[in-house]
Amino acid sequence: MTRNLRQNILVYALLAVVLIVFMTPIYLIVSSSVKPSPIMFQKPPAFLFTPTFEHYHDLFAMRPFTKFIWNSLIVALGSTAFSLTIGSLAAYAISRIRHKRMNDVAFWILSMRMFPPIAVVVPYYIIFKSAGLLDTPLALIIVYSTANIPLTVWLMKGFFDEVPLALEEAAAVDGYGLLATFWYVTLPLAAPGLAVSAVFCFIFSWNEFLFALMLTGSEAQTATVAVMSFWSSDAVQWGRIMAGSFIILIPGVIFVLTCQRWLVRGLTMGSVK
Amino acid sequence: MKHLRTTALCGAVLLGLAGTASAEGHFEGVELKMLAIGDTSVTRLAPIVSEFEELTGASVQIDMFPYPGLIDKIVIEASSDSPSYQLMWVDSPWVGVLGESGALLDLTELVQRDAEEIHLDDIVPIQLQENTWQGRLLAFPASGMIWHQNYRKDLYENAEESAAFEAEYGYPLAPAQTWDQYIDIAQFFTRSAGETLAGEVLEQDFYGNAQAYSRVAGAITHDFFPIMRSYGGQYWDAETGLCAMDGPEAVAAAEVMKALIPSNPPDYLGLMWDIRTGYMERGETAQSSYWSVRTVRLTNPEEAVLPTIGEAGYAQSPTGDGNPQPTMTGALSFAINSKASDVEQQAAWEFIKWGTSRDMMRRFAEEGSGVSQFHMSILSDPELQARYPYYQVLLDAQENAQRRIFHPFYADVEEVFGVELNKYMAGETDSAQDALTNACTKIDTRLRVFPEELRLRWINDEPAAIFQ
Amino acid sequence: MAYIRKRNKRIFLIFLLPAMLVLFLTTIYPMLYAGYLSFRSYDLAKLFVPRVFVGWSNYGEILGSSEFLHALVTTFKLMAMTLSVQLVLGVGIALIVTQKLPGMPLARTLLMIPMMISPVIVGLVWLFLYFPELGYLNYFLSFLGFDSIPWITSTDWALWAIAIADIWQWTPFVMMGTAAALQSLSPEPYEAAMIDGNSRWDVFTRVTLPQLKPVLVSLMFLRAIDAFKIYDIIFVLTKGGPGDSTEVLSMFIYRQSFTFWRMGVGAAASFVSLVIIVVLITLFFKSLNRDQVS
């Protein structure tokens, strides 16, 4: 009993250290977002001060921030939904077709994630310009999907590999067609995988900066770019940036919380390749 | 003047327009978009663009982007034949690359046409020259910048401190006129916590100066060039058009920066824009030189601590030998996309006139925390001077002012010198000469690709044709 | 396998088609364009209309350039630093937060937050923390009696400063994956090992770790791909400095393409780095397959 107690104390002590280390930057975001500008930087840092909400006010007063958050949501959800749909279909095919070339296909798909993004910014700009898609959420959805589809394929293939073939065969015996088997039997079993993929696609699309900066203007600007736009020629407006960072953190947290039950099950199954 | 008026009339007749008075409602249905950042002037203009819309009928949408990455976005935008943006925010050193690529509309004729309306005679000439490329005016100042020094007036006037300074250095304590004095003052005022400053025991360290040595956003090169220029250093070799920033003047400037390190805050290598000005604004340093766009904060207790604990003084940037030398200027400006349609360009020019007009500038100054001014009548206005004591310094400094570097390869220079100076300051390169020679070698490697004729054209600062 | 008949195979190919088509259509033009650029010289006067064919000279320049080599080495150094720490720390924290004790689910959720922040903002937050004098980090160090560290301003520390920010952001990823795997491990081998009287450490290394291996390999693989492309954090924190101590491949490509307008050299560098990562990953797969066979 005492041994258990001692052990628990040790676990909690370690956890406390971990939490302090990992939460300090988060604390910095939150506290700076309500810290008056003149004392933003001070030696020693100001820990006790009267909080101000002027940065939050400025954020919405100086930029159409609500619209930008909305843009981010459209782009992130759009790319996630699109990537999950065609990504999981492809993953299912790769998982079920027994052919030695399939590894190459999987690898080719994954290699789409490896090209340095910085090298393709200009060509993407040119394409979207001529297609009239510049400054639309669709442009970003397309670009993000080229990164999200490979990830989805990679993750989902692991999950589909785990689904027992016997179940699918049984369904086939019951007269289910291939699509029906996939939809009613395989996909529900791999649902946790969808949750994992969804979270990563969402996080990536929500946070991406480079393409969002280059391919959008006022119509489709995302919240991340809008937050960074408080980095001006003569100043980094820390208070507003931190306030914006805190606000755009919230959807991600909500999304992950909703998916969390699935996540734990999901990561277990799929990653065991 | 008469000639100007005739030109203006002719222009007006030809274009079917005549100044703002009759531009009212002329641009119904024209939609303008501006590629900008959220600097002081844009931030002030954005909320009141509806006033312009009422005046002219044109609608204006200002998109604000982060400063890092903005020039990349402008260049990509400029490379496109059908522009998304008719108006662009431009930092004056960019006129070289943008001018060479033909991205910006030449404003010369428009300025000549509307000379009276925009009070051309009242604008500090160097601020216009800042935006000139090969004689063509490619952008119009919205915020004029001067590099000058800020110091702690209350400490300089403290009897005890000034007596101690004179006893130690043999000359009276006053705003530094030479860099040697600047270094002396910096050393003199560098105190550790526990020592006394102006009769009070310091709770934390106090610094003699705050200069920027960070590579982020080119901060270190911005600090280096004013010093180099004030020693009489040149950017380019007039014979070959190659890099000349490794001459004795440049070496002296790098050594000044190195000598200032011990009296700088210890995070000197990380100090960039507002972090450096923050030391001055919080009253933690005796002197600091930077662009005048941030100076206004030193007068405002809501934006800075200093006005509540002491007083800021302002002076021109020191020079090598105390004699007048070129002061660094800069301009944050508005420009028009050369590929916009005629009517869009006309409307965009109306917008620039409106947003940079003397009335607007005065309005900003009167509303407080004004933008950095560039109209002589505003800078010399006694009422405004009482409120913004540094206006006189800005006005005086313009006399010997010379424009900043405007070469199409400016970005290379900022980057390469940033790397090499940073290495020297960090102690990785042995001597200033080595660091600067390395930097110049790298720049020259890129420049030699181009014919000498072209290189010489690039360094030729032809005066703006607006004055002809 | 009777289940997979000819007809099904065709349907499977139809499943595969949309993804292949989308990826092909969205990447072919940018890749071709970059490929075209990599054989051209830049022309400053017409920024994005490179005209001059220069053969392999851009590639020659890249391969012979000490700057590129330096960037490559720095990228791998950074990769090694971040991946190793993320692995150890991620597994360690996972072992803590999978204890069946009150509060652990909440701790798991909190620890996932760093992953959800945009890398550019992570860069800014750490910039704030790293300011040698005004930052929180050195304040805490001085509080604990340590000397302050010139995090992003010294060539000795800057790469670590970048690594720490990346480790902070992505350790939760490894933690999350490992924690999930730990919770699903079957209990039998443990009971057997415990009965055999092995120490906790032995149980961990001999029983737990081998079971975790596939998960960890998979997690590290995904991290490695992203670490190879790391860009945002460096762009904000050091821009490659001080000196060139944090100049990774992405920064090299960025500077060549956008600061120096040498789109051709930048594109060539992109292809060279693509080849390097593809070769490495192929080797990785090969060795993985050999492991599985043996």
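**How the three chains meet**

Chains B and C touch through an evenly matched pair of surfaces in this predicted model: 24 residues of chain B are in contact with 24 residues of chain C. On the chain B side, helix 5 (70-78) and helix 21 (410-425) each put in at least two residues. Helix 21 of chain B is the top contributor there, with six residues. As for what kinds of residue make up this side of chain B, eleven are nonpolar, nine are charged and four are polar.

Chain C also touches chain A, and here the count is 75 residues of chain C in contact with 73 residues of chain A. Helix 1 of chain C, which runs over residues 6-38, gives the most to the side facing chain A, namely 17 residues. That side of chain C breaks down into 56 nonpolar residues, 15 polar ones and four charged ones.

What does chain A itself look like? Its secondary structure is made up of twelve helices and zero strands, so to speak a straight run of α elements when the pattern is read along the sequence. The C-alpha trace of chain A spans about 70 × 70 × 30 Å along its principal axes. Chain A has 273 residues, and 54% of them count as buried. Its contacts also reach across the sequence: taking those between residues at least 6 apart, 80% join residues at least 24 apart.

Then there is the nonpolar core. In soluble globular proteins, nonpolar side chains tend to be buried together. The largest nonpolar core in this model holds 319 residues, and the ones with the most contacts inside it are Leu215(A) and Ala254(B). Helix 7 of chain C (residues 158-184) supplies the largest share of this core, 16 residues. Chain B takes part as well: because domain 1 (10-146 + 331-402) and domain 2 (147-328) of chain B both give residues to the core, it lies between them.

Ala254(B) deserves a second look, as one of the two residues with the most contacts inside that core. Which residues does Ala254(B) contact, leaving aside its neighbours within four places in sequence? The partners are Phe224(B), Leu421(B), Tyr424(B), Ala432(B), Ala435(B) and Leu436(B).

Conventions
Residues are numbered from 1 along each chain as its sequence is written. Chains are lettered from A and ligands numbered from 1 in the order in which they are written. Two residues are in contact if their C-beta atoms, placed from the backbone, lie within 7 Å. Helices (H or I, at least four residues) and strands (E, at least two) are DSSP runs, numbered from the N terminus. Ala, Val, Leu, Ile, Met, Phe, Trp, Tyr, Cys and Pro count as nonpolar, Asp, Glu, Lys and Arg as charged, and the others, Gly among them, as polar. A nonpolar core is a set of buried Ala, Val, Leu, Ile, Met, Phe, Trp, Tyr and Cys residues joined through C-beta atoms within 7 Å. A residue is buried if 20 or more other C-beta atoms lie within 10 Å of its own, exposed if 12 or fewer, and partly exposed in between; C-beta atoms are placed from the backbone. Domain bounds come from an automatic or database domain assignment.
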